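Me: I'm new to this structure and would love a close look at its far end. Please start there, then show me how the rest is put together.

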Amino acid sequence: MSAPQSPAADDIQTLFRYTRWANARMLDAMQAAGAVPVRAVELLSHLLRVQDVWFGRVEGTAHADLALWVDEDLAACAERAGTSVARWQSMLEERSGDALDQPVAYTNSTGTRFETPLHDRCRDVVNHGTHHRAQIALVLREADGAPPPTDYIFFVRDA
């Protein structure tokens, strides 16, 4: 039995539930659209791949070596979306107490080595996704699409 979660751990778990919700809404809207601009799919693929790369860096898995920009279709994005945040949530459920404060050592894509507390890495993954979902929404709007609202407050109201 794991120790009770700290408020910070609960916050991080909530942020990853939000990320899963927002990614699913965006993916559903893109799959329902007649035609989706290639740039929107590229951004979604990148967002999901980065989630996996950071998971790999934190957990020391092969995900750390994924290319960040790859031509994938919506079906590949849907498959990755179904597993990526779930991996994070499972790993975070296993972490208790001060685990989120522990530094994670990693080498970034340019070869620079860093150490950052896990809670900051988690928040960065969530914020990176928010940034790219906003870009996707803009690309969809410019193509006369209607992206779904994915702001955090909509998640809170939806819950």
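**The last helix and what lies beyond**

Reply: Let's begin with Arg157, which counts as exposed at 61% relative accessibility. Please keep in mind that this is a predicted model. Arg157 is found in helix H5, which covers residues 152-158. To get a feel for distance, look from Arg157 to Leu66: they are 91 residues apart in sequence, and their C-alpha atoms are 35 Å apart in space.

Tyr152 is in helix H5 too. Tyr152 is partly exposed, because its relative accessible area of 36% falls between the limits of 20% for buried and 50% for exposed. Together with Ile153, Phe154 and Val156, Tyr152 makes up a nonpolar patch on the surface. The accessible area of these four adds up to about 320 Å².

Now step back into the loop that connects helix H4 (118-142) with helix H5, where you will find Asp144. With 75% relative accessibility, Asp144 is exposed. Its backbone deserves a look as well: phi of Asp144 is near 65°, a positive value although the residue is not glycine. For background, most residues other than glycine have a negative phi.

From the surface, let's turn to the interior. The largest nonpolar core holds 23 residues, and Ile12, Phe16, Trp88, Leu92 and Cys122 have the most contacts inside it. Helix H1 (7-32), helix H2 (38-59), helix H3 (74-94), strand S1 (103-107) and helix H4 each give two or more residues to this core. Helix H1 provides the largest share, with 7 residues. Another core, of 16 residues, lies apart from that one; Leu27, Leu44, Ala137 and Leu140 are among its members.

Trp88 is a good place to pause in the largest core. Leaving aside residues up to four places away in sequence, Trp88 touches Phe16, Gln51, Trp54, Phe55, Val58, Cys122 and Val125. Two of these partners, Phe16 and Cys122, appear beside Trp88 in the list of residues with the most contacts in that core.

Cys122 brings us to the cysteines. Cys122 is buried, at a relative accessible area of 0%, and Cys77 is buried as well, at 1%. A search of the whole structure turns up 0 disulfides, so no two cysteine sulfur atoms lie within 2.5 Å of each other.

How values were computed:
Residues numbered from 1 in each chain as written. Predicted model: local features only at pLDDT ≥ 70, side-chain atom pairs only at ≥ 80, totals over all residues. Heavy atoms only, no water. Buried < 20%, exposed > 50% of the residue type's maximum accessible area, 1.4 Å probe, protein only. Helix = DSSP H or I, 4+ residues; strand = E, 2+ residues; numbered from the N terminus. Core = buried A, V, L, I, M, F, W, Y, C linked by side-chain atoms within 4.5 Å. Contact = heavy atoms within 4.5 Å. Patch = residues over 30% accessible without salt bridge, like charges linked within 9 Å, V, L, I, M, F, W, Y side chains within 5 Å. Areas by Shrake-Rupley, 256 points an atom, 1.4 Å probe, with all protein chains shown as cover. Salt bridge = Lys/Arg side-chain N within 4 Å of Asp/Glu carboxyl O.
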